[in-house]
Amino acid sequence: MLDQQNRLIDYLRISVTDRCNLRCRYCMPAEGVESLPHGEILRYEEILRLARIFSSLGIRRIRLTGGEPLVRQNLDQLVRGLKQTHGIRSVYLSTNGVLLKAQLPALLDAGLDGVNLSIDTLDAAEFEALTRRNALADALAGLRAALAIPGFQVKINCVPSELNSDRWCALAELARSHSNLDVRFIELMPLGLGRTLRRKTEQEVLSVLEARFGSSTPCAAAPGSGPSRLVRFPGFQGRIGFISAMSHSFCEHCNRIRLTADGKLKPCLYYSHSIDLCTLLRSNADDDRIRNAIAQGIHEKPMAHHFSNAAPETADSSELCPNEGESRLMNQIGG
């Protein structure tokens, strides 16, 4: 389906839980946050019904997120149901990897197409300082298990900040010997606790990597594969990517919408505006009514975020900023 900016919206990120087994400093406070009651979380059968409706509107790719999605039991059952949904071409998972090794066989059997692992450093002490948990060994075990699957798409997501600025090269080095691995650096956004840390830009990270590995060569991404800007370094089998919402905005090409764990459709990560699909589901609304609500949300997707006050000179500010910014933490929105 096209939104009012004529962007094709075909990618849905579904948060299956707001709970997480880590406490990353840019995401959650040390004491955690109050979790949603179980009764407010969408059931798997509700997610599958929504997936069928989303598919009828042109959604073709789904990514399961959290919180940490693997803390929810029997996630492979949801993956299997999504893969069997007419029109859904691929299902991916974003995870911190801590629970991945044990669950990967069932997820693969269910048809999972690929996995993104959030790993910000390979130094155990620094990992514990960043996540407030001593779990790097488990995360790396999950990574190794995923990389061992022939043809399985694996990506590492690193958020570069003042907390890990001396560890980027070690992460990038992982792409040297793995052709099925992209190591991506995702700019910290001023959202939730991300406002408390100093962001490192794409250019800062790239300069450090090129000083270590030599000049990079741009790589073409597959059509519709997302906003990552990809490069390759000499001798590397895998690629290095950058997702830079702040320094290289990609809003004009954005193809995604989000569904929170409690059933709110968010057309844009930044804005607080959402559409309550859970209430529609549980009030016995028929598929057409839910479909119309989703279609309206997609149509009204904002032109761009306004993390920065700098807006295109030709853009109408009322179109750019139709409602207030998002105030929830990332685990509550869906990573």
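At 25% relative accessibility, Asp-123 counts as partly exposed, a class that lies between buried (under 20% relative accessible area) and exposed (over 50%), with a 1.4 Å probe and protein chains only. The model discussed here is predicted, so local features need pLDDT of at least 70 and side-chain atom pairs count only at pLDDT 80 or more, whereas totals for chains, interfaces and linings use all residues. Residues are numbered from 1 along each chain as its sequence is written, and side-chain values use heavy atoms, with hydrogens and water left out.

The side chain of Asp-123 meets that of Arg-167 in a salt bridge, at 3.4 Å from N to O. Because Asp-123 lies in the loop between β4 and α4 and Arg-167 in the loop between β5 and α6, the pair ties together parts that are 44 residues apart in sequence. Arg-167 is partly exposed as well, with a relative accessible area of 26%. The term salt bridge denotes a side-chain nitrogen of Lys or Arg within 4 Å of a carboxyl oxygen of Asp or Glu. Side chains of opposite charge can pair when their charged atoms come close.

The elements named above are DSSP runs numbered from the N terminus: helices are H or I runs of at least four residues, and strands are E runs of at least two. In these terms, the protein comes to 11 helices and 12 strands.

Strand β5 offers a useful point of entry to the sheet. This strand covers residues 153-158, and five of its six residues are buried. On one side, five bridges join strand β4 (residues 114-118) to β5, and the two run parallel; here Val-115 stands opposite Val-154 of β5. Five bridges also join β5 to strand β6 (residues 181-186), again in parallel. In that pairing, Val-154 stands opposite Leu-181 of β6. Val-154 therefore has a partner in β4 and another in β6, where two strands count as paired if DSSP finds at least two bridges between them. Helix α6 (residues 168-173) joins β5 and β6 in a right-handed β-α-β unit. Right-handed here means that, with the strands pointing away from the viewer, the path from the first strand over the helix to the second runs clockwise.

A second salt bridge also involves a loop that borders β4. Lys-83 pairs with Asp-113, the closest N and O atoms being 2.9 Å apart. Lys-83 lies in helix α2 and Asp-113 in the loop between α3 (100-110) and β4, so the pair ties together parts that are 30 residues apart in sequence. Lys-83 is partly exposed, with a relative accessible area of 26%, and Asp-113 is partly exposed with a value of 26%.

The structure holds 16 salt bridges. Another of them joins the side chains of Arg-43 and Glu-45, at 3.2 Å from N to O. Arg-43 counts as partly exposed, at 40% relative accessibility. Both residues belong to a network of salt bridges that also links Glu-46 and Arg-282.

Glu-45 and Glu-46 fall within the range of helix α1, residues 44-56. The 13 residues of this helix reach 19 Å from the first C-alpha to the last, close to the 18 Å expected at 1.5 Å a residue; the expected span is 1.5 Å times one less than the number of residues. Among the buried residues of α1 are Glu-46, Ile-47, Leu-50 and Phe-54. Just after α1, Gly-58 takes a positive phi of about 110°.

Several backbone features deserve separate attention. Most residues other than glycine have a negative phi, and most peptide bonds are trans. Asn-6, in the segment before β1 (11-15), has a positive phi near 70° and is exposed, with a relative accessible area of 57%. Arg-132, in the loop between α4 (124-131) and α5 (136-147), has a positive phi of about 60° although it is not a glycine; this residue is partly exposed at 29%. A cis peptide bond joins Gly-66 and Gly-67, with omega about 15°. Gly-67 is found in the loop between β2 (61-65) and α2 (75-83).

Turning to the whole chain, 54% of the 335 residues count as buried. Residues 24 or more positions apart account for 71% of the contacts with a separation of 6 or more, a contact being heavy atoms within 4.5 Å. The protein exposes about 14700 Å², and carbon and sulfur atoms supply 48% of it; accessible areas come from the Shrake-Rupley method with a 1.4 Å probe, and for residues only the protein chains shown count as cover.
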